[in-house]
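Reader: I am in my first year and I would like to learn how to read a structure slowly, one contact at a time. Could you take one helix-to-helix contact, look at it closely, and then connect it to what surrounds it?

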Amino acid sequence: MVTMGQCYYNETIGFFYNNSGKELSSHWRPKDVVVVALGLTVSVLVLLTNLLVIAAIASNRRFHQPIYYLLGNLAAADLFAGVAYLFLMFHTGPRTARLSLQGWFLRQGLLDTSLTASVATLLAIAVERHRSVMAVQLHSRLPRGRVIMLIVGVWVAALGLGLLPAHSWHCLCALDRCSRMAPLLSRSYLAVWALSSLLVFLLMVAVYTRIFFYVRRRVQRMAEHVSRHPHYRETTLSLVKTVVIILGAFVVCWTPGQVVLLLDGLGCKSCNVLAVEKYFLLLAEANSLVNAMVYSCRDAEMRRTFRHLLCCLCLRRSAHKSVRYTPSTQTGPSTRIMLPENGHSLMDSTL
């Protein structure tokens, strides 16, 4: 019999799953096999792509700039997310019942920390891009100290949200507050997590919208003086495409999961959140793969560095030859907004 105010630190995982009404399987079901197979595939792709991004940033001196530190931090957060999801795949299905309470909180904490760091870094990139565009600066002139503070702030927030459930924001002493999707966590934690991600999205929309209208005004103003410049007509369209891809990827990958988290956090009894939770979590994890493509692969210089690194891996004999790699400074209009004014570069904004 459950007593109000009593804590259940010595109970098993099965006790809390039964309390929340979440099924804890004792054998591998077809659904579990499909989820694990997809999860392992996504995790491996996330690890490989983000390792490649980090290697590219480390190997190419052109990327030793503050904005690329943020891109590197995004790749590191997504790499961490891949490791966390890989850990989940090896401790899910029938293996969940064998976890201790500490092991379950570790599994959950790794996911929460890594995904929070990834989302927070997306916002930090948007804020830094806004500052660079409005200050009419090249990204090489961004203060390193500011970027380091942003990165530290990202991980402090991520670690805070990731560690809180294990120490205080759980339901081990209030079973009536347990969520259905995460039976050891308080429903309020899920609601706050979902609302925080929604706030991040709204802030990103506001930031990129402001950047778009600012750049469009500058383009229109300069087009009046140099109307035949071939890049002016492409600039606005390229910027719209980049912003749509960034925000669209976030919406597609995160919205389904945030909706079910919020519904569970608000205690919706009639909502069948358990039927889709694993697939929506997989979709959120896939964002760590999409980030590498949206924020890195659209950069022409980054793509050249990728090709160089992959060629070096495929042709190991050439690794012993002293071949100097000189990166090209030319980039496509889809990745950078170059607005010259009076013969000088107005901005070089990698969105």
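Author: Read along the sequence, the protein follows the pattern α-α-α-α-α-α-α-α-α-β-β, and in total that comes to 9 helices and 2 strands. Please keep in mind throughout that this is a predicted model, and that every value below is computed from it. Of the 351 residues of the protein, 48% count as buried. If we take the contacts with a separation of 6 or more, 77% of them are accounted for by residues 24 or more positions apart.

For the close look, let us choose helix H3, which covers residues 66–89, and helix H8, which covers residues 277–297. The axes of H3 and H8 come within 10 Å and cross at roughly 150°. Angles over 145 degrees count as roughly antiparallel, and therefore H3 is described as roughly antiparallel to H8. The crossing of these two helices, H3 and H8, is left-handed.

Which residues of H3 and H8 meet? On the side of H3 they are Leu71, Leu74, Asp78, Ala81, Gly82, Tyr85 and Leu88, and on the side of H8 they are Lys278, Leu281, Leu282, Glu285, Ser288, Asn291 and Tyr295. Sorted by class, the residues of this contact of H3 with H8 divide into 8 nonpolar, 3 polar and 3 charged.

It helps to set a second contact beside this one. The axes of helix H1, residues 13–20, and helix H4, residues 101–134, come within 9 Å and cross at roughly 65°. Here Ile13, Phe16 and Tyr17 of H1 are in contact with Leu101, Trp104 and Arg107 of H4. By class, the contact of H1 with H4 has 5 nonpolar residues, no polar ones and 1 charged one.

Phe16, which takes part in the contact of H1 with H4, also leads us to the aromatic rings. The structure holds 10 aromatic pairs. One of them joins Phe15 and Phe16, whose ring centres are 5.2 Å apart and whose planes stand at 90°, so the pair is edge-to-face. With a relative accessible area of 22%, Phe15 is partly exposed, whereas Phe16, with a relative accessible area of 0%, is buried. Another aromatic pair that is edge-to-face is formed by Phe212 and Phe213, with 5.2 Å from centre to centre and 65° between the planes. Phe212 is buried, because its relative accessible area of 16% lies under the 20% limit, while Phe213, at 37% relative accessibility, counts as partly exposed. Beyond such pairs, Trp193, Phe201, Phe250 and Trp254 are linked by ring pairs into a cluster.

Let us finish with a single residue, Ala194, which is found in helix H6, residues 187–223. Ala194 is buried, with a relative accessible area of 3%. Leaving aside its neighbours within four places in sequence, Ala194 is in contact with Gln258, Leu261 and Leu262. Ala194 and Thr255, for their part, are 61 residues apart in sequence and 9.2 Å apart in space, taken from C-alpha to C-alpha.

How values were computed: Residues are numbered from 1 along each chain as its sequence is written. This is a predicted model: local features need pLDDT of at least 70, side-chain atom pairs count only at pLDDT 80 or more; totals for chains, interfaces and linings use all residues. Side-chain values use heavy atoms; hydrogens and water are left out. Axes are lines fitted to C-alpha atoms, for helices over the stretch in contact, and angles run from 0 to 180 degrees between N-to-C directions. Helices (H or I, at least four residues) and strands (E, at least two) are DSSP runs, numbered from the N terminus. Angles under 35 degrees count as roughly parallel, over 145 as roughly antiparallel, 65 to 115 as roughly perpendicular and the rest as oblique. A crossing is left-handed if the near helix is turned anticlockwise from the far one by less than a right angle, and right-handed if clockwise. Contact means heavy atoms within 4.5 Å. Ala, Val, Leu, Ile, Met, Phe, Trp, Tyr, Cys and Pro count as nonpolar, Asp, Glu, Lys and Arg as charged, and the others, Gly among them, as polar. Rings of Phe, Tyr and Trp (its six-membered ring) pair if their centres lie within 6.5 Å; planes under 30 degrees apart count as stacked, over 60 as edge-to-face and the rest as tilted. Buried means under 20% relative accessible area, exposed over 50%, partly exposed in between (1.4 Å probe, protein chains only).
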